[in-house]
Amino acid sequence: RNFQRLEGANRHAEGHNPLCGDQITVYLHMDGEVIREISFQGAGCAISQSAASLMTTALKGKTKAEAQELFAKFHDMVTGEGNGADPMELGKLAVFAGVREFPVRVKCASLPWHTMRAALDGKDEAVSTE
């Protein structure tokens with residue numbers, strides 16, 4: 001879902017996972033503090049691409065603060081850090097809970113999220129999981 005270049009995007013960021021070869025660009029159309037539209041393009045493993053797809057679905061219509069909060073919960077879930085977010089709070093994103101058992105794959109699942117966060121913050125430098 002949402003695999004396309006977003007025409008009219010007013011923010012974007014690029015991300016790269018050198019270990020796996022994942023590459024992603026996240027496009028946002030922000031209306032004030034609200035993500036009106038979100039999409040991505042890229043190539044990589046099934047984990048990175050499916051994480052990007054589900055991320056775009058989960059974030060559409062959310063505020064910047066809500067997106068940051070969801071990023072933190074997702075990151076805690078896949079890394080097992082922080083409070084170890086309850087996967088049941090994350091809806092369909094809970095399918096990535098098992099990724100924490102495979103540390104190399106955590107970077108695959110989190111790359112779209114780190115890239116989205118860079119786009120939200122308006123950062124120009126490319127995101128890397130290295």
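The exercises below work through the fold, the surface and the aromatic pairs of a predicted model.

**Exercise 1. Fold and overall size**

Task: State which pattern of helices and strands the protein follows along the sequence, and why it counts as compact.

Solution:
- Count the elements. There are three helices and four strands.
- Put them in order. The sequence reads β-β-β-α-α-α-β.
- Take the radius of gyration, which is 13 Å.
- Set it beside the globule rule. For 130 residues the rule gives 14 Å, and the two values are close, so the protein is as compact as a globular protein of that length.
- Add the dimensions. The C-alpha trace spans about 40 × 30 × 25 Å along its principal axes.

**Exercise 2. Burial, contacts, surface and charge**

Task: Find what percentage of the residues count as buried, what share of the contacts comes from residues 24 or more positions apart, and how far apart the mean positions of the positive and negative charges are.

Solution:
- Start with burial. Of the 130 residues, 41% count as buried.
- Turn to contacts with a separation of 6 or more. Residues 24 or more positions apart supply 53% of them.
- Take the surface next. The accessible area is about 6,700 Å², and carbon and sulfur atoms hold 49% of it.
- Finish with charge. The protein carries 14 positive and 17 negative charges, and their mean positions lie 4 Å apart.

**Exercise 3. The aromatic pair of Phe3 and Phe40**

Task: Classify the pair of Phe3 and Phe40 as stacked, tilted or edge-to-face, and decide for each ring whether the residue is buried or partly exposed.

Solution:
- Recall the descriptors. An aromatic pair is described by the distance of the ring centres and the angle of the planes.
- Search the whole structure. Three aromatic pairs turn up.
- Apply the descriptors to Phe3 and Phe40. Their centres are 5.2 Å apart and the planes stand at 80 degrees. Planes over 60 degrees apart count as edge-to-face, so this pair is edge-to-face.
- Place the partners. Phe3 sits in the segment before strand S1 (11-17), Phe40 in strand S3 (residues 34-43), and 37 residues separate them.
- Check accessibility. Phe3 is partly exposed because its relative accessibility is 48%. Phe40 has a relative accessible area of 3%, so Phe40 is buried.

**Exercise 4. The pair of Phe74 and Trp113**

Task: Say which parts of the chain the pair of Phe74 and Trp113 ties together, and which residues form a cluster with them.

Solution:
- Read the geometry. Phe74 and Trp113 are stacked, at 4.7 Å centre to centre with 20 degrees between the planes.
- Locate the rings. Phe74 lies in helix H2 (residues 64-79) and Trp113 in helix H3 (residues 103-121), so the pair joins parts 39 residues apart in sequence.
- Check burial. Both Phe74 and Trp113 are buried.
- Extend the group. Phe96 joins Phe74 and Trp113 in one aromatic cluster.

Methods
Residues numbered from 1 in each chain as written. Predicted model: local features only at pLDDT ≥ 70, side-chain atom pairs only at ≥ 80, totals over all residues. Heavy atoms only, no water. Helix = DSSP H or I, 4+ residues; strand = E, 2+ residues; numbered from the N terminus. Rg over C-alpha atoms; globule rule 2.2 N^0.38 Å. Buried < 20%, exposed > 50% of the residue type's maximum accessible area, 1.4 Å probe, protein only. Contact = heavy atoms within 4.5 Å. Areas by Shrake-Rupley, 256 points an atom, 1.4 Å probe, with all protein chains shown as cover. Lys, Arg positive; Asp, Glu negative; His and termini not counted. Charge placed at Lys NZ, Arg CZ, Asp CG, Glu CD. Phe/Tyr/Trp six-rings, centres within 6.5 Å; stacked < 30°, edge-to-face > 60°.
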